[in-house]
Amino acid sequence: MIEHTNILDFLHQNLTTFLAFTGFANATIGNYIMICVGLIFLYIGVAKKLEPMLLVPIGFGILIGNIPFLPGTQVGIYEEGSLLYFLHFGLLKGIYPPMIFLGLGAMIDFSVVISNPKLVLIGIAAQLGIFAAYMLALALPDSIFVSGIGFSASDAGAIGIIGSADGPTSIFLASRLAPDLMNAIAISAYSYMALVPVIQPPIMRLLTSGKERVIKMPPARAVSQTEKIIFPIVGLLLTCFFVPAGLPLLGMLFFGNFLRECGVTKRLATTAGGPMTDILTILIGLTMGASTQADRFLTEKSIIIFGIGAVAFTVATATGILFVKLMNLFLKEGNKINPLIGNAGVSALPDSARVSQEMGQRYDKSNHLLMHAMGPTVASTIGSAVVAGIMLGFLG
Amino acid sequence: MKSLINFTLILVSLLFAAPAFSQAIKYVRINEIQVHNSDGFRDEYGRTSGWIELHNTGYGKVNVAGCVLKINGEKFKIPQGNPATIIPTKGYLVFFADGAPNRGPFHTNFTLEDTNFIELFDTDGKLIDRLEFNPTDMLDGVSFGWFEEHDGKEKLKLLPAITPGSTNNTEEKISRSESFRQADPTGAILTLINIVIVAIALTLLFFVFKYMGNYHVRAAVRKAEKANPEQNGTGITIAGKKKGVLTNDELAAIAIALHKYVEDLHSIEKSVLTINMTSKAYSPWSSKIYNLRQVPNKK
């Protein structure tokens, strides 16, 4: 015989179960902190228009990732079987970054580097930010960590790459060297990329004189199509023979550029540089944001990584500018380089070049530095991929 | 007809599968043995005996059913039809060398006490692996097999631990990155290496494109000269200007004049259209629209 229960007891029982599943019942203070961080990202992206393409997906991803839920319901990004779990796979295994590099290659016009190859050299100097961060992470004593365990050598290598201000490269290297720290490293790298217009100008003003800021660089010569076609082939061979470990990034970058320049695969280049990159940007941003689940992300190591990232970024900007000033000592009058493009040695494409342009315009309305600044930026993209390959070769 | 196609497909698949299997078997090796075992690893009956461990070093599953283990004049054919004879990727399979094959498919018909070698043959009788040992070293409680040394090379030796069914390399290893850190605690050496390699790679790019650029500029000048250049009144060479051929400027002026005439815009022109060659402050190099994606306007 079926036992009839009181309807109120029945409702009470089910409501209690339902409440146990709600976010309110499972929320921690960490979730609320991360939701605030997500809202700040959205505010910066939407209201301040700083890197909206990155900050909006990341910010919204942070909100998604920090909605509390009952574990085991296949909802969260770390729960096998959920949609976010599968999307996160591409980030975790370093699949998205090389594909983003394919799109970057299809978008970047290397003409400026080809026409003025000395701009490539600025890309070397700005890599010093990576090494400053690497050495700093190694130097931190274990005693400052609550766990008593500091950063390992491979952790330090992955953290160092934040200095390149190159999001995909940072994700790629972190996924190989320090998967546990990947979220903190990626968020840090993308945050500093978004903050390029805020961080770099004071450093640029500090390190340059009024006379240097108004240096006008001669317009670059026109580059033939043959040179543009040869560049990705020569670039690939020269860099990857030195550092085969950088092949996933460099191979895709130069392949994308070859699609763009060879003249017979316009549709492929358009797809790689347009819709494909947009899709990957959404996936990277969303999964990166969603992976910042408070219980995994809010750790002392994440905070320290943010601090090291700031040092790395500052050093990279400063060394780029100082290196241009050093180069100017050896260049003839009329051939000198405006040090305001030195900041573009960090490969925050294209924001650092935009900052150069805006700073140049502030001191001389007729001085257009944008395309000159693109030279160090794209060179740095190549340079940081080479460094990532070397780090992987030695520490992987 | 459909069944014939299916049969052909199956036949072709089998033809391709057979060499794949025979190729995979070569990755199986005799990994570890224990000749005398009085109080160690036990079989499913709780009895101790000598044993032989096979290891699949490859990246695919290998079925060793039908393969043969051989010692001095004794052969043991690994029984077929048992799924446990499939060794997974990087997996292990242990046979008890107790001379009692009636105890199960993984009990050989020989022991290891009267031999100084073991051989593994594939189903075609081809030798896959042979492991030789000195019987006098094979004391009770000692196993022998492949061991990875600190230099990364593998050697056959008496093993520091008895590990049937798992890796022989039981010693804790320092990761490559940590051993690098021990040699370079501050990171200065790696920094130097990085800078040198990046500098070489990018400097080579610099030189290649510097000289390639010079070559292209010279080639462009030669091409312009070949095209029979003429000087216009301003002293600027117009590449491609031939006698009787109008310049772009002249064509533009004529086009505007014709347009105005046809459209009857003015009966009499009072102004004079003058086209001067100027050096532009603007060039595509200073325009971001050619290279940068536009930030969407919020309306």
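Q: Given that axes are lines fitted to C-alpha atoms, for helices over the stretch in contact, and that angles run from 0 to 180 degrees between N-to-C directions, at what angle do helix α11 and helix α12 of chain A pack, and how far apart are their axes?

A: Two packed helices are described by the angle between their axes together with the distance between those axes. In this structure, which is a predicted model, helix α11 (residues 167-177) of chain A packs against helix α12 (residues 182-194) of chain A at an angle of about 170°, and their axes are 9 Å apart. Angles over 145 degrees count as roughly antiparallel, so α11(A) is roughly antiparallel to α12(A). The crossing of this pair is right-handed.

Q: Which residues of α11(A) and α12(A) meet, and how do they divide by class?

A: A helix pair can also be read through the residues that face each other. From α11(A) come Gly167(A), Ser170(A), Ile171(A), Ala174(A) and Ser175(A), and they meet Met182(A), Ile185(A), Ala186(A), Ala189(A), Tyr190(A) and Met193(A) of α12(A). By class, this contact has eight nonpolar and three polar residues, with no charged residues.

Q: How should I read the pair α16(A) and α17(A): at what angle do their axes cross, and which hand does the crossing have?

A: The steps are those used for the previous pair. The axes of helix α16 (residues 247-261) and helix α17 (residues 266-290), both of chain A, come within 7 Å and cross at roughly 135°. That angle is neither under 35 nor over 145 degrees, and it is outside the range 65 to 115; α16(A) and α17(A) are therefore oblique to each other. The hand of this crossing is left-handed. Where the two helices meet, Gly256(A), Leu259(A) and Arg260(A) are on the α16(A) side, while Leu268(A), Ala269(A) and Ala272(A) are on the α17(A) side. The classes in this contact are four nonpolar, one polar and one charged residues.

Q: What do the overall counts say about the two chains, beginning with how many helices and strands there are in chain A and in chain B?

A: Counts of elements, of buried residues and of contacts between distant parts of the sequence give a first description of a chain. Chain A has 21 helices and zero strands, whereas chain B has four helices and 13 strands. Buried residues make up 55% of the 396 residues in chain A; in chain B, 18% of the 299 residues count as buried. Taking contacts between residues at least 6 apart in sequence, 75% of those in chain A join residues at least 24 apart, and the corresponding figure for chain B is 49%.

Q: How many residues of each chain are in contact across the two chains, and which helix of chain A gives the most?

A: An interface can be read by counting residues and then asking which elements supply them. Here 43 residues of chain A are in contact with 34 residues of chain B. On the chain A side, at least two residues each come from α7 (111-115), α8 (119-125), α9 (128-139), α10 (153-160), α15 (225-242) and α21 (370-395). The most is given by α21(A), with ten residues. The residues of this side divide into 27 nonpolar, eleven polar and five charged.

Q: What confidence does the predictor give to the complex and to chain B?

A: Confidence may be read for the complex, for a chain and for a stretch of residues. The predictor gives the complex an ipTM of 0.82 and a pTM of 0.68. Chain B averages a pLDDT of 78, and 73% of its residues score at least 70. Over residues 14-21 of chain B the pLDDT is below 50, and this stretch has zero contacts in the model beyond near neighbours in sequence. Residues 231-240 of chain B also have a pLDDT below 50, but this stretch has twelve contacts beyond near neighbours in sequence.

Q: Turning to single residues, where does Lys49(A) lie, and is it exposed or partly exposed?

A: A single residue can be placed by its element, its backbone angle and its surroundings. Lys49(A) lies in the loop between α3 (29-46) and α4 (52-65) of chain A, and has a positive phi of about 60° although it is not a glycine. With 14 other C-beta atoms within 10 Å, Lys49(A) is partly exposed. In chain B, Lys90(B) likewise has a positive phi of about 60° without being a glycine, and lies in the loop between β6 (86-87) and β7 (92-97). Lys90(B) is exposed, having 12 other C-beta atoms within 10 Å.

Definitions and conventions
Residues are numbered from 1 along each chain as its sequence is written. Chains are lettered from A and ligands numbered from 1 in the order in which they are written. This is a predicted model: local features need pLDDT of at least 70, side-chain atom pairs count only at pLDDT 80 or more; totals for chains, interfaces and linings use all residues. A residue is buried if 20 or more other C-beta atoms lie within 10 Å of its own, exposed if 12 or fewer, and partly exposed in between; C-beta atoms are placed from the backbone. Two residues are in contact if their C-beta atoms, placed from the backbone, lie within 7 Å. Ala, Val, Leu, Ile, Met, Phe, Trp, Tyr, Cys and Pro count as nonpolar, Asp, Glu, Lys and Arg as charged, and the others, Gly among them, as polar. pLDDT is the predictor's confidence in each residue, from 0 to 100. A crossing is left-handed if the near helix is turned anticlockwise from the far one by less than a right angle, and right-handed if clockwise.
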